[in-house]
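Colleague: Could you take one part of this model and look at it closely for me, going through how it is paired, how far it is covered, and what else belongs beside it in the description?

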Amino acid sequence: MNSSAPPWRATAWAPTSTPVASQVSAAPAYIPVQARRSLASNKINHLPSNGSPAPQPNMSAADEAPRPRVEFPPAVRLYVQRCFAPENQVASVSHSEMQEKLRHVITDAAENHKLDMIDWERLALPQVMIQNERNKILANPSVSNWGMSSLPSSPGDTGRKRKSTDTNQQQSGKESPPWRKANNRNRFEDRVTYPSTEKKQRMTLDDSSKSKANLEMRKKRFEGVGYGNSGTSSPVDSPSRSVDPDQGPVVGRCQTLEKNYFRLTSAPNPDTVRPLPVLQKALDLLKKKWKQEGNYTYICDQFKSLRQDLTVQHIRNEFTVLVYEIHARIALEKGDLGEYNQCQTQLRVLYAQQLGGHPTEFKAYRILYFIYTRNWTAMNDALADVTAEDKQDLAVKHALDVRSALALGNYHRFFQLYLDTPNMGAYLMDMFVDRERLTALAAICRAYKPDVNIRFITEELGFESDEQTARFILDHSSEDTLEEKHGSVRLLTSKAAARFEQAKAEANRIVDIKGQI
Amino acid sequence: MSNSTPAQNKADPSEQPQQQQKPQVLEEDDEFEDFPVEDWPQEEAEQAAGSAANGGNEHLWEESWDDDDAAEDFSKQLKEELKKVEASH
Amino acid sequence: MELANQFRRAYSTASGPDLAAVLTPIATPNNPHRLHSFYQFTNIQYLNKDLHTNLFHGKSPKVPKPEQNAWVDIFAAYWEAVGEVLKCEDRHPGSSAVAIFTAWKKLANALIRGYSGSSGLPAWTLPCLYTVGKFLRTFAIKADVEAASQDSSGFGFQDDLSVEVEKNANLEEAARIMNRMFTLCLSDRAPIEESRKWGIYETTNLLFKTYFKINSVGLTKNLLRALNAQSDDLPPLEAFPKSHIVTFEYYVGVIHFLDENYAEAEKHLSTAWRLCHRGAFKNRELILTYLIPCHLVTNHHLPRKELLAPFPRLEQLFGSLSNCIRKGDLVGFDQAMSAGEAEFVKRRIYLPLERGRDIALRNLFRKVFIAGGFEEAKDGQPPIRRTRVPVAEFAAALRIGTHATGRTRVDTDEVECLLANLVYKGLMKGYIARERGIVVLSKNNTAFPGTGV
């Protein structure tokens, strides 16, 4: 193979055609070879003829198929393999359901020429998609469990409630909600008065209370019928339903405050879309409900429908920013990073348009978030978004300091910063603080001899007490790494070093997988 | 890329005015540029054929520390700094 | 017709580059009316007939009929695209960058058909594919800029805004067409001397550039996987023209670089550097922009003055940073980092450069160790450096030049933390005895491994 002459060498290079860059070619920059004379070359006839569909970037060597055939890129094939891998099977999703969904995903991508545009490695598997869709249906609020739901507290929720602005129902009503505490600059928010439409709310909720009813509604929607819970009548074949996306925004006329979220697959019915004044009231209602009831599943669903109504009506203003910010904060508080990340991505776009809001607060969160997910490419983008002015902001400065402390392995500084986190950043830092403790312990165990007082570790790594430190150490190593000496408990560094090294690697590995949300 | 697009050759100053009024977009500032010729002999490459395969560029890199003659100065500065600490105790 | 003559000349000498030059959508200095005269030589009605006559009749090389037809299709599409280009240049009403792109897409598709169909264009004409692909990308970018200025709202039926997605719609479409060019080359199973496989790296490079532009570097992995899967059937990389190799190695290096895979990045960037043409100033500068941070991370080597001297921009980026690292000047290092921050972040080299602080710190502590002098020599033995160094001395070194007043900026715990990190990273050998407040360093010139002390 090496010896055969490639076509670019088997070519006569007409000297006139070689552009002479001033510095470049004093001597001819090519290897002159005999010109090729015979043009009637052996025909290449094994390729599919003209009209074959675009993407086929990897013809397998094996098939010299007589008729055109779409060959999928390796990434797609790997994706399919993963779908069928035993460890990825989900009990509640049957094989045929999964295959049907898979077929749909792939034909859809092929028809839209997106086979090469999709990041197959990260695309959710069809079984997961099906589960998510079901969850969305089931997760709609039902009166029966309303107000009683108590979600597990977020992972790092230790006894130390530093900046927690948690306003779960058990807390006294005079506590301000997180978004108020975090920002008292929300003039717009304060301007909107809350209307007394509670009774109506209750009724609509009753209508949509049963998940069965929701399923029914969803089914109808696919049949081209409007939302069942809109409260207003919707004619089955309303001509306004077929709004072309390019024909401009929908103008909603729904007056109901609450609305469950459904993913749209076609133009929405204006009868089920709430106009801005209604959305503003809806937001007030949601804030109140969140404060009183703290039902995250309900709130999240309502916010998603709020966002959707804004989008289909092309509403992009200060209110839009406010909705995304509040949703992001609530998601943060509940440790729902998937939802948080969606809001964060949208906020970045909105802030770029200078629509107000609290860009610095969220720029800071974004930096902390990418520390957590260890996404350095995204981190670079986040750093590029920080202006000199932003750096004057306390939260931004804090997040930047956290980043650089970790980059340099300065756990001492990191834990000082951890104990002094502005806004709701602590919810994010809680997500990775244990990981950084393990990283620090791995270094400490290698650098100190023969042992260290665990009081030192308590203070250095932001633990609340020696007991907590000891428990943490025992959780990640074994009893023989601790020893009581001269009335204090000491960590035997050489014994523990390998254990913490391993625990550190494990913690980072988990996040590398989870971080791909 | 190929040497097939002489008019794209930015090295030729006579091209510039003409290109500016044309609708073609010039390459971005920080984008890897197309080479004006497709191939060239090793003598014209950064590391000429004569130099050793691995060591040819070694003279362009150096160790990251510096045993400079200012070691005395540093020693003095360090002593002063240490004295300051003792004084403050 | 001049253009047809060019075509016939290129064909009779089988010169790919000459042939590709015919398909460029720009005029040349020695023929400024090149496009106009081609466009005016015929009209849409007689287009195919005239092309046939001019390209292939008379004293022309013997070209098989299907191949002739393919070229007529290609030049018909080219003629229409040229029409759009000229309209735009004359600011004709109804002209637009999108229209040029649309017309150029037809040309790209006609060319792809010419290769994949029964007409079987020979592999020596591949430079046409590169040229058409290159301008496809250029026109797509123009079209996107135009679309953005006309503010097509980014709303669809998505739940959220979709501004980011819409921004590069045309370039993404161009990428899909380029992907077909890539496949066209990769999947060719003709004997290697006749194979389009020789076009694989150049089409890959085109896609690399495009994916970088639309900020979808992740998609380059699909290409690399496809190349890898076929690697046994490809000629060795060294057999390709240097322009293909250097561009390819540069992008592969940068891709690894962005993944923080610096050792791998360094390998590819070094190859790109070695083979790069000495006259290609801008490209050499770009290669070094990433190669220098790679070296810093992998083997802690710094660029010499001689390396930076020809590149004022690199001198500005890395010059003072390197000096501060060498001298162990942390204050200066931090200043240089923040002075260059915007540029570093833009070039995506901030994060690896930041790691240079460890090296600067190592050098500072190394100076403390050297300043500590030697133990009293025992009868006749060679002198041994003092290996027990109080933490306070390292702390004092950190304070030099910081102008810390009153309460010291770094406390003992932080100094220990920095020491612990150097030990952990293997830049320093020894241990901290916390209760005694000293660092016990390794003997026999191994306290700072690899640096002679």
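Modeller: What follows begins with one group of strands and then moves outward to its chain, to a partner chain and to a further sheet.

This is a predicted model, in which local features need pLDDT of at least 70 and side-chain atom pairs count only at pLDDT 80 or more, while totals for chains, interfaces and linings use all residues. Residues are numbered from 1 along each chain as its sequence is written, and chains are lettered from A and ligands numbered from 1 in the order in which they are written.

The part I would look at is strand β4 of chain C, residues 438–441 (strands are DSSP runs of E with at least two residues, helices are runs of H or I with at least four, and both are numbered from the N terminus). β4(C) takes part in a pairing with strand β3 of chain C, residues 430–433, in the antiparallel sense and over 4 bridges (two strands pair if DSSP finds at least two bridges between them). Within that pairing, Tyr431(C) has Val440(C) in β4(C) as its bridge partner. The hairpin that β3(C) and β4(C) form has 4 residues between the strands, and Gly437(C) takes a positive phi near 65 degrees there.

β4(C) also runs antiparallel to strand β2 of chain C, residues 388–390, with 3 bridges joining the two. In this second pairing the residue that stands opposite Val389(C) is Val439(C) of β4(C).

As for cover, β4(C) has two faces that differ: Val439(C) and Leu441(C) make up the covered face, whereas Ile438(C) and Val440(C) make up the uncovered one. Read together with the bridges, this places the partner of Val389(C), namely Val439(C), on the covered face, and the partner of Tyr431(C), namely Val440(C), on the uncovered face.

To set the strand within its chain, the domain assignment (bounds come from an automatic or database assignment) divides chain C into domain 1 (2–235), domain 2 (241–354) and domain 3 (364–441). Taken over C-alpha atoms, the centres of domain 1 and domain 3 of chain C are separated by 64 Å.

Elsewhere in chain C, Val217(C) has its place in the loop between α10 (200–213) and α11 (220–229). Val217(C) is partly exposed, because 17 other C-beta atoms lie within 10 Å (20 or more within 10 Å would make a residue buried, 12 or fewer exposed, and the values in between partly exposed, with C-beta atoms placed from the backbone). Leaving aside neighbours within four places in sequence, Val217(C) is in contact with Tyr211(C), Phe212(C), Ile255(C) and Leu258(C) (contact means that the C-beta atoms, placed from the backbone, lie within 7 Å). For one of these, Ile255(C), the C-alpha to C-alpha separation from Val217(C) is 7.3 Å, although the two residues are 38 residues apart in sequence.

Chain C also has a strand that pairs across a chain boundary. Strand β1 of chain C, residues 302–303, pairs with β1(B) in the antiparallel sense over 2 bridges, and Glu62(B) has Leu302(C) as its bridge partner there. Over the whole interface, 40 residues of chain B are in contact with 63 residues of chain C. On the chain B side, the elements that give two or more residues are β1 (61–62) and α2 (71–88), and α2(B) supplies the largest share, 8 residues. Chain B itself comes to 2 helices and 1 strand, which run α-β-α from the N terminus on, and 26% of its 89 residues count as buried.

Chain A offers a further set of paired strands to set beside those of chain C. Strand β3 of chain A (residues 488–492) is joined by 3 bridges to strand β1 of chain A (residues 451–453), and the two run antiparallel, with Asp451(A) opposite Leu492(A) in β3(A). β3(A) pairs as well with strand β2 of chain A (residues 482–485), again antiparallel, over 4 bridges, and Glu483(A) has Arg490(A) as its bridge partner. The hairpin of β2(A) and β3(A) has 2 residues between the strands, and His486(A) takes a positive phi near 45 degrees in it. The assignment for chain A gives domain 1 (74–137), domain 2 (180–357) and domain 3 (411–514), and 40 Å separate the centres of domain 1 and domain 3 of chain A, taken over C-alpha atoms.

Note on methods: Contact = placed C-beta atoms within 7 Å.
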